Amino acid sequence: MGRRIDQRAAARQCLLWRLLCCWMLGLVATAAFAAEPPPAPAVIPTAEILDRADQDQRLVDRVLRRLARPDASAALAQQLEQLARPVEEKWRSYQAADLRGLPVVRLESLDRYWALDARRFQHWQAEARRLQGPLADDAARLTRLRLQWEATRSASGDMPAALADRAASLLNELVAAEQALSPALARQIALGQQARAIDARIQAGRDEVAEAIAAIDLRLLQADAPPLWALSAAREAVLSELNAIGRGLDIEVSFATDYLAASALNLQLTSAAQLLLLPMLLWAARQSRRQNAGQVPPDEDPAHLLRRPISAWLLLAVLITLPLRADAPLMTRELAMLLAMVPALRLLPARSLRTLSPWPQLVIALYALNWLRLLVMDSSFLYRLLQLGLAAIALAALLWLLRAERR
């Protein structure tokens with residue numbers, strides 16, 4: 001038994017020594033690799049100097065032609081300034097302490113607003129890589145070639161005079177091209193630093209909004225406003241929340257404005273598709289009227305939707321747009337759905353409308369009044385008062401309609 005314990009202890013000790021040796025060998029190898037100097041530039045063989053000189057001369061000429069074009073940094077800087085303006089405004093206006101007083105719907109709108117800035121920055125970054133990427137590649141290639149020609153010139157002491165002159169001439173042109181490229185690289189580096197600062201602001205803004213939403217989730221079961229029957233406290237709350245209502249609406253208006261500006265091309269394409277849909281519906285409605293003229297009553301016509309092509313077109317236009325605008329401002333989407341209720345009501349068959357009336361009209365009216373809650377959501381008292389009023393109106397209308405149906 002004691003022998004087995006000694007064998008196990010010896011095996012463990014051997015394993016520890018092996019691990020220690022491996023670790024030390026790894027440190028030595030890492031230090032040796034880190035201390036190893038970079039490889040020296042390869043010397044160009046004498047027989048290949050003329051061909052390599054012509055090849056590298058074409059690179060120098062291409063770099064100089066590219067530098068002669070209008071600098072893309074100016075256009076990129078202007079685009080970055082336009083992108084930075086809403087970022088700086090939100091960063092100054094909505095600090096972490098201010099976000100705690102906003103309702104969760106406003107915070108979600110603000111998060112979508114930051115997400116819009118993040119998408120715009122990604123598009124700008126991709127465009128900057130496309131326009132400025134060749135410049136950095138040219139700078140790296142010019143430096144590598146200059147070092148290689150310097151090594152070639154230093155190593156070939158017995159080089160013919162003509163080849164030496166050609167190498168010296170090309171080396172001077174490489175140095176001149178590097179010097180001409182330096183200001184453009186400096187502008188590119190400065191622009192990259194500004195872009196990194198804006199990206200950091202966007203990420204910090206999104207993180208603060210996420211933290212504010214998480215803080216609201218933690219106090220869901222806590223009373224954060226006075227009751228409606230405490231009129232004095234409620235009046236003070238309304239007076240203190242008037243500025244919050246204005247700030248909340250500013251978020252929605254700014255978000256909608258920047259969203260429309262950033263999505264101008266997509267909106268134009270969507271509008272073109274919607275306009276192309278209108279003549280198709282008009283043609284289908286005309287064909288339906290010709291085929292069913294006097295044969296089928298209007299209420300029993302399976303194609304009764306085509307009897308109101310404008311209303312059908314408006315409804316389809318909204319239904320097409322909503323899935324494509326999932327990242328649009330919430331108030332804009334709610335308003336579009338509210339406007340879609342009107343053509344949907346007109347597309348109901350006349351017999352169904354007479355049978356259901358006034359239920360459809362009442363539902364649309366209540367939905368329109370419910371949309372107003374988005375305007376006063378920053379005031380807890382006004383929001384709860386509006387919700388109470390809507391519930392009372394809906395309950396009274398329901399009781400009245402049930403009583404009328406019973407009669």
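**Exercises on a pocket, a cavity and a leucine**

In this predicted model, the second largest pocket is lined by 17 residues, and those that lie nearest its centre are Arg120, His123, Ala261, Ala262 and Ser263.

**Exercise 1.** Find which elements give two or more residues to the lining of the second largest pocket, and state which element gives the most.

*Solution.* Begin with the elements that give two or more residues to this lining, which are α3 (72-93), α5 (104-155) and α7 (231-262). Next, look at the contribution of α5, which gives the most, with five residues. Then sort the lining of the second largest pocket by class, which yields seven nonpolar, five polar and five charged residues. Finally, add the volume of this pocket, which is about 480 Å³.

**Exercise 2.** Determine how many cavities of 30 Å³ or more a search of the whole structure finds, and describe the lining of the largest cavity.

*Solution.* The search of the whole structure finds one such cavity, and about 40 Å³ of space lies in the largest cavity. Its lining consists of Lys90, Trp91, Tyr94, Leu99, Leu110, Trp114, Gly205, Glu208 and Val209. Two or more of the lining residues come from each of α3, α5 and α6 (161-218), and α6 gives the most, with three residues. By class, the lining of the largest cavity has six nonpolar, one polar and two charged residues.

**Exercise 3.** Decide whether Leu398 is buried, partly exposed or exposed.

*Solution.* First locate Leu398, which is found in helix α13 (residues 380-406). Its relative accessible area is 34%, and because buried means under 20% and exposed over 50%, Leu398 counts as partly exposed. As a last step, note that Leu398 and Leu362 are 36 residues apart along the chain, while their C-alpha atoms are separated by 9.6 Å.

How values were computed. Residues are numbered from 1 along each chain as its sequence is written. This is a predicted model: local features need pLDDT of at least 70, side-chain atom pairs count only at pLDDT 80 or more; totals for chains, interfaces and linings use all residues. Side-chain values use heavy atoms; hydrogens and water are left out. On a 1 Å grid over the protein atoms alone, a cavity is a set of points where a 1.4 Å probe fits but cannot get out, and a pocket is an open set with protein on both sides within 12 Å along at least five of seven lines; lining residues have an atom within 4 Å of a point. Grid points are joined across faces, edges and corners, and a volume is the space filled by probe spheres set on the points. Helices (H or I, at least four residues) and strands (E, at least two) are DSSP runs, numbered from the N terminus. Ala, Val, Leu, Ile, Met, Phe, Trp, Tyr, Cys and Pro count as nonpolar, Asp, Glu, Lys and Arg as charged, and the others, Gly among them, as polar. Buried means under 20% relative accessible area, exposed over 50%, partly exposed in between (1.4 Å probe, protein chains only).
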